[in-house]
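Grab a pencil and work through the exercises below. Try each task yourself before you read the solution under it.

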Amino acid sequence: MPEDSRETAVVREVTERLKPAYTGRRTAQEVEAAVGEAYNHLRDRPVRDFVPVLVERRARRILADLPDPGEMD
């Protein structure tokens with residue numbers, strides 16, 4: 001996860017904002033994994049100002065691409 005304390009807090013906020021948005025469709029662990037994957041994709045980018053917005057957008061795409069829980073039966 002983020003090394004910068006401000007980024008850590010913001011990424012945590014993104015995670016906590018997405019959890020209720022995906023309640024019933026994704027587990028908390030899936031949301032956390034998606035946010036972590038999204039952050040890791042962006043962590044080496046030189047401009048940090050937009051990282052939280054970009055992390056949230058990418059995490060939402062990752063979560064949307066996961067199979068629905070009902071499809072796994």
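**Exercise 1: Leu18 and the core**

Find the residues that L18 touches, leaving out those up to four places away in sequence.

Solution. Start at L18 and skip its sequence neighbours up to four places away; you are left with V31, V35, E56, A59 and R60. Keep in mind that this is a predicted model. Next, look at the largest nonpolar core, which has 15 residues. L18 is among the members that touch the most others, along with V31, V35, V55 and A59. Last, ask where the core comes from: α1 (5-21), α2 (28-42) and α3 (51-65) each put in at least two residues. The largest share is from α2, with six residues.

**Exercise 2: Two helices side by side**

Work out how α1 and α3 pack: what is the angle, and how far apart are the axes?

Solution. Take the geometry to begin with: the angle is about 35°, and the axes lie 10 Å apart. Then check the hand of the crossing, which is right-handed as α1 passes α3. Now list who makes the contact. From α1 you get E7, V10, V14, R17 and L18; from α3 you get V51, P52, V55, E56, A59 and R60. Sort these residues by type and you end up with seven nonpolar, four charged and no polar.

**Exercise 3: The middle helix**

Which residues of α2 are buried, and what do they pack against?

Solution. Begin with the helix itself: α2 has 15 residues and spans 21 Å from its first C-alpha to its last, close to the 21 Å expected at 1.5 Å a residue. Then pick out its buried residues, namely V31, A34, V35, G36, A38, Y39 and L42. Follow these buried residues outward and you find them packing against α1 and α3.

**Exercise 4: Buried or exposed?**

Sort T15, L63, R58 and A64 into buried, partly exposed or exposed.

Solution. Use two cut-offs: under 20% relative accessible area is buried, over 50% is exposed, and anything in between is partly exposed.

- T15, in helix α1, has a relative accessible area of 6%, so T15 is buried. Its contacts beyond four places in sequence are V31, E32 and V35.
- L63 sits in helix α3. L63 has 1% relative accessibility, so L63 counts as buried.
- R58 is also a residue of α3. Its relative accessibility is 25%, so R58 counts as partly exposed. Setting aside residues up to four places away, R58 touches A38 and H41.
- A64 belongs to helix α3. With 57% relative accessibility, A64 counts as exposed.

**Exercise 5: Far in sequence, how far in space?**

For each of these pairs, give the C-alpha separation: L63 and R26, R58 and Y39, A64 and R17.

Solution. Take L63 and R26 to start: they are 37 residues apart in sequence, and their C-alpha atoms are 7.5 Å apart. R26 also turns up on the contact list of L63, together with Y22, E30, V31 and A34, once residues up to four places away are left out. Move on to R58 and Y39, which are 19 residues apart along the chain with C-alpha atoms 8.5 Å from each other. Finish with A64 and R17: here the chain separation is 47 residues and the C-alpha separation is 16 Å.

Key
Residues are numbered from 1 along each chain as its sequence is written. This is a predicted model: local features need pLDDT of at least 70, side-chain atom pairs count only at pLDDT 80 or more; totals for chains, interfaces and linings use all residues. Side-chain values use heavy atoms; hydrogens and water are left out. A nonpolar core is a set of buried Ala, Val, Leu, Ile, Met, Phe, Trp, Tyr and Cys residues joined through side-chain atoms within 4.5 Å. Buried means under 20% relative accessible area, exposed over 50%, partly exposed in between (1.4 Å probe, protein chains only). Helices (H or I, at least four residues) and strands (E, at least two) are DSSP runs, numbered from the N terminus. Contact means heavy atoms within 4.5 Å. Axes are lines fitted to C-alpha atoms, for helices over the stretch in contact, and angles run from 0 to 180 degrees between N-to-C directions. A crossing is left-handed if the near helix is turned anticlockwise from the far one by less than a right angle, and right-handed if clockwise. Ala, Val, Leu, Ile, Met, Phe, Trp, Tyr, Cys and Pro count as nonpolar, Asp, Glu, Lys and Arg as charged, and the others, Gly among them, as polar. The expected span of a helix is 1.5 Å times one less than its number of residues.
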